[in-house]
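Some notes on the model follow, with the sheet taken before the helices. Please read them with the structure open.

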Amino acid sequence: MNDILLLGDEKNTQNLLATLFKTEGYEVVAVSSLDQCWEELDKQAFRLLFIDLDQSADVVVNFAADMQERYPEMKIVCSADRKRDDNDIIQARLPDVMLIDKPFKIDSLLESVQNLVEMTELGGSESFNEVVELEMFYQCADLIGKSAAMQSVLQMVERVAATDLPVLIRGEKGTDKELVARAIHSRSRHSNKSFVPVECNVDLAGKSPVFDSLESGGPAAIKKGAGGTLFLNDVEALDAEDQRRILHLLQTARTASDGGRIRFLVGSTLSGDELLAHGVERDLVAMAAGLTVDVPALRDRVEDIPLIVSQLIDEKAGYDARKTAPAPTPEAMAALRAFHWPGNVAQLASVIRGVLAELDSDASEITLEMLPDAVR
């Protein structure tokens, strides 16, 4: 029995999903019409049917209902595009069909698919939540975390690194989106080439941060990133012309030579829908936000604060060649954990580095009194 039959009528999304599922080890057959879907099912059986159609709820419901009746052992997933206003109709009429929000979040998408495929292997008797429980701890480069929120991010890093697809890395200011991008790059086939971060929201007096040289005689970012990874942070700040040029590069990437192909990663505080509302090209959003990595705010991963603080102290201690690194007292650590950190990891790093800069060379502790008044 094959794994996934992918029915989609939007080529870019279908290619994205097919590539993603194949990198996870699934056997995938992709079709683009209802008739082709029926023909494929007449030839072979599948564990899961993934439906991504830009059609009315009636068409989707009637088709999926026929599928359920004719192939009761096959699980069905249907994308729920947020632009549609009839997803509730699909869910009401097909309670056994799983709806997955679109633009897709890679962690929930892959976990849902994995669960459903495993349910078919186990005979379908287990409930959805009983099929798989992931409790893994990853560390990627300088990206650390034992919280559930960061475990999810770090697992996604491993998954998307295996593809050449563009990824939207979304998070509040200061959440280390660039570190996430670097971790993806370091685990990708582009890792032996350059990682080039680009801040798109800097006023460059009419120059493009991507396509123009910003230093005398130096190459433009697009040239530096040849064969490597280009990380476009605050992508919504790019002007319309830059957006169109990047979209063209994404659309023609499959025909580029491997040596010059660039992996695009984009960072933003905005979701896919918010990027559209901000005026970003619809096709660019569709390609970049098809895979979204949501980086949690520091207040949502408080249990990671001791790990991050320890890493920051070790970095400074190593630089100063100290024999023993200072450690926060319990009272100081409690204050660090209790603070709400509106500036996220970047703000925490600034506080710890500031404290270390003022610390006596022989100090063994960071006390509560050493922390800024606002943090205490």
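1. The model is a predicted one. In it, five strands make up an open sheet, ordered β7-β8-β9-β6-β10, and their pairing is parallel. Averaged over neighbouring strands and with direction ignored, the turn of one strand against the next is 20°.

2. Which strands stand at the edges of the sheet? They are β7 (195-199) and β10 (292-294). Each has a single partner strand, so one side of each lacks a neighbour in the sheet.

3. The link between β10 and strand β6 (residues 167-170) consists of three bridges, and the two strands run parallel. Within this part of the sheet, I169 is found opposite V293 of β10.

4. A helix also covers this region. Helix α6 (residues 148-161) lies across three strands, β6, β9 (263-268) and β10. Its direction is at about 160° to β10. Because angles over 145 degrees count as roughly antiparallel, α6 can be called roughly antiparallel to β10.

5. A separate point concerns two helices. Helix α2 (residues 34-43) packs with helix α3 (residues 57-70) at an angle of about 10°, and the axes are 12 Å apart. The pair is therefore roughly parallel, since the angle falls under 35 degrees.

6. What does the contact of α2 with α3 consist of? On the α2 side the residues are L34, C37, W38, L41 and D42; on the α3 side they are V59, F63, D66, M67 and R70. By class, seven of the contact residues are nonpolar and three are charged, with no polar ones.

Technical notes:
Residues numbered from 1 in each chain as written. Predicted model: local features only at pLDDT ≥ 70, side-chain atom pairs only at ≥ 80, totals over all residues. Heavy atoms only, no water. Axes fitted to C-alpha atoms, helices over the stretch in contact; angles between N-to-C directions. Helix = DSSP H or I, 4+ residues; strand = E, 2+ residues; numbered from the N terminus. Parallel < 35°, antiparallel > 145°, perpendicular 65-115°, else oblique. Contact = heavy atoms within 4.5 Å. Nonpolar A, V, L, I, M, F, W, Y, C, P; charged D, E, K, R; others polar. Pairing = 2+ DSSP bridges.
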